[in-house]
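Open the model in your viewer and keep the sequence panel in sight. This tour tells you what to select next and what is there.

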Amino acid sequence: MPFIDCKITIKLTEEQKESVKSALGKAITNMHKTESYLMVGICDGYDLYFAGKKLASGAFVDVRAFGSVNPADCDKMTAAVCDILSQVGVEPSGVYVTYEGYSNWGWNGCNF
């Protein structure tokens with residue numbers, strides 16, 4: 001039950017959004033999760049500021065998952081996220097990625 005929320009400074013085409021979504025679906029296996037329950041949010045053209053300056057090329061990516069998250073898996077996932085976003089023109093040096101595991105997660109009218 002993962003959710004990946006991407007806030008990206010640059011505007012993406014629908015094809016680029018589809019490419020990012022599909023690549024994240026493959027990358028989520030780094031977290032021992034599958035694409036079959038993955039939800040992805042993409043907000044492009046988002047204003048982000050780093051070190052007091054507006055980023056021309058950057059992203060904030062929040063990865064949430066049902067259950068615990070392993071730091072080694074997060075490290076692999078961060079590398080994958082940065083690689084995926086670099087394919088659409090986002091500089092890895094402007095990317096922050098956060099991780100959170102949840103013990104309570106609801107879907108389809110009930111909780112796990």
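The stops below run from the strands to the salt bridges, then to the surface and a cysteine. Keep in mind throughout that this is a predicted model.

**Stop 1: the strands**

Select residues 3–8, strand β1. Now add residues 59–66, strand β5. The two pair in the antiparallel sense, over six bridges. For one point along this pairing, pick C6. Which residue of β5 is the bridge partner of C6? It is V61.

Keep β5 and add residues 95–102, strand β6. This pairing runs in the parallel sense, over eight bridges. Click D62 and look across to β6: its bridge partner there is T98. Remember D62, because it is buried, with a relative accessible area of 10%, and it comes back at a later stop.

**Stop 2: over the helix**

Add residues 71–86, helix α2. Follow the chain from β5 through α2 to β6. These three elements make a right-handed β-α-β unit.

**Stop 3: salt bridges**

How many salt bridges does the structure hold? There are seven. Three of them are shown here one at a time.

Start with D62 again and show R64 with it. Their side chains meet in a salt bridge, 2.6 Å from N to O. D62 is the buried partner, at 10% relative accessible area. R64 is partly exposed, at 33%.

Move to helix α1, residues 14–27. Select E18 and K21. They form a salt bridge, and the closest N and O atoms are 2.9 Å apart. The two residues sit three places apart in the helix, so about one helical turn separates them. Are they buried or partly exposed? E18 is partly exposed, at 44% relative accessibility. K21 is partly exposed too, with a relative accessible area of 30%.

Next, select D44 and K11. Their side chains meet in a salt bridge, 3.8 Å from N to O. This pair links distant parts of the chain, 33 residues apart. D44 lies in the loop between β2 (39–43) and β3 (49–50). K11 lies in the loop between β1 and α1. Colour the two by accessibility. D44 is buried, because its relative accessible area of 14% is under the 20% cut-off. K11 is exposed, because its 63% is over the 50% cut-off.

Leave D44 and K11 selected, then add E14 and K17. The four residues are linked in a network of salt bridges.

**Stop 4: a nonpolar patch**

Switch on the surface. Select Y37, W107 and F112. Together they form a nonpolar patch there, with about 350 Å² of accessible area. Zoom in on Y37, one of the three. Where is Y37 found? It is in the loop between α1 and β2. Y37 is partly exposed, with a relative accessible area of 45%.

**Stop 5: a cysteine in α2**

Hide the surface and return to helix α2. Select C82, which has its place in this helix. Is C82 buried or exposed? At 15% relative accessibility, C82 counts as buried.

Show its surroundings. Leaving out residues up to four places away in sequence, C82 touches P92 and V95. Finally, draw a distance from C82 to S93, C-alpha to C-alpha. The two are 8.7 Å apart in space and eleven residues apart in sequence.

How values were computed:
Residues are numbered from 1 along each chain as its sequence is written. This is a predicted model: local features need pLDDT of at least 70, side-chain atom pairs count only at pLDDT 80 or more; totals for chains, interfaces and linings use all residues. Side-chain values use heavy atoms; hydrogens and water are left out. Two strands pair if DSSP finds at least two bridges between them. Helices (H or I, at least four residues) and strands (E, at least two) are DSSP runs, numbered from the N terminus. A crossover is right-handed if, with the strands pointing away from the viewer, the path from the first strand over the helix to the second runs clockwise. Buried means under 20% relative accessible area, exposed over 50%, partly exposed in between (1.4 Å probe, protein chains only). Patches are made of residues with over 30% relative accessible area and no salt bridge: like charges are joined within 9 Å, nonpolar side chains (Val, Leu, Ile, Met, Phe, Trp, Tyr) within 5 Å. Accessible areas come from the Shrake-Rupley method with a 1.4 Å probe; for residues, only the protein chains shown count as cover. Contact means heavy atoms within 4.5 Å.
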